[in-house]
Amino acid sequence: MSPVDTGWSEGVRLVSTRPHVVERVAAGGEAIPEVSNRRREFVIEGPDWRDRLEESLAGLTFSERSAAFAQPIDDPEALPISLDDFLGRLATPWFDRVMNDGLLTPHFQPIVRLADERVYGREALIRADLDGRRLNGGELVDAARSHGEIFAFDQRCRTAAIETAAPMLPDGETLFINFNPSAIYDPDICLRTTWAVARRHDFSLSRVCFEVVESERFPDIEFLRRILDRYRAEGARVALDDLGAGHTSLNYLRELRPDIVKLDRALVAGIDADESRQRLVAALIDYSHDLGIDVVAEGIETVEEARLVRSLGADLGQGWFFGRPEPRIGAGTGAPALATVRA
């Protein structure tokens, strides 16, 4: 059962090292002058405490929210958690069910060769169906982070991807599996389960490309290198996601030299009508190729986008134009659309 459903049932204690933040919460979000540098706290309790909490936080800035922490009022010895994580737990009471009832299901989206119109591989994207609602990967990752379960969640997703894909991935295709580097504290220990699952299913890791997600949130590039080296030592390839999304991605590209890099989807959407973006993407592709790295253009939704990124030199394409994520892998997925790319 979620901590929000148990220890937080009676109310919440907000604490902060910035007294004016707590004073603003106590005043219902209205601005007041800062009074001291001492730690302050404010308790919200009663049957309507959740509604009152939302009202009190409405006026806080991002900076003020980041300086606030929550603690259950009936357990003063409990470690406070960040306010954003606490609010995330309140918003996702379903997370424990998803994790404990086996509801995580990988869906597979084709990644295609733009030159020869063949499917290169499939990316495993996690989903969950809960009471008629489809939860996507972003929602699930955010919930896992809020509940402090990113390690278990990441491991379970890697395991489910291999177990599901092993019996049906066509010969010659690559399985792309996302992983969050912040979920790995020791590559030798944390990845043992992944290797064991692959061996149990007689699935060669040479058919896997492990894709780093949210690298911009993981500043320790040397530790990230250790993780990638560990994957490569097992025969797998590695990829970096979201090239062009931030300044760190270019530095990581040069330092880590992945096998594959994915262009951020924001660069690809509508690129056929944006000449300045075309020049930027062309430069990123050339730079990647100079480093010996293949490039995936992600988020392709139209034939115009597909033709344009192909003309700029992208090696692979991914997006709804070629196929949406599906729970089953069918040989040839994406081929009908590909025939129009070279027209």
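Helices (H or I, at least four residues) and strands (E, at least two) are DSSP runs, numbered from the N terminus. The model is predicted, so local features need pLDDT of at least 70 and side-chain atom pairs pLDDT 80 or more, while totals for chains, interfaces and linings use all residues. Residues are numbered from 1 along each chain as its sequence is written, and side-chain values use heavy atoms, without hydrogens and water.

The largest pocket (on a 1 Å grid over the protein atoms alone, an open set of points with protein on both sides within 12 Å along at least five of seven lines) holds about 870 Å³ of space. Its lining comprises 38 residues, of which Glu 123, Leu 125, Gly 137, Gly 138 and Asn 178 are the closest to the centre. At least two lining residues come from each of strands E5 (104-113), E6 (119-130), E8 (174-179) and E10 (237-243) and helices H6 (137-146) and H7. Helix H7 gives the largest share, six residues. By class, 15 residues of this lining are nonpolar, nine polar and 14 charged.

Helix H7 (residues 150-165) also contains Phe 151. Phe 151 counts as partly exposed (between 20% and 50% relative accessible area, 1.4 Å probe, protein chains only) because its relative accessibility is 31%.

The largest cavity (a set of grid points where a 1.4 Å probe fits but cannot get out) has about 30 Å³ of space. Strand E1 (11-16) and helix H1 (19-26) each give two or more residues to its lining. Eight residues of the cavity lining are nonpolar, one is polar and none is charged.

Notes
1 Å grid on protein atoms, 1.4 Å probe; cavity = no way out; pocket = protein on both sides within 12 Å on 5 of 7 lines; lining within 4 Å. Points joined across faces, edges and corners; volume = space filled by probe spheres on them. Nonpolar A, V, L, I, M, F, W, Y, C, P; charged D, E, K, R; others polar.
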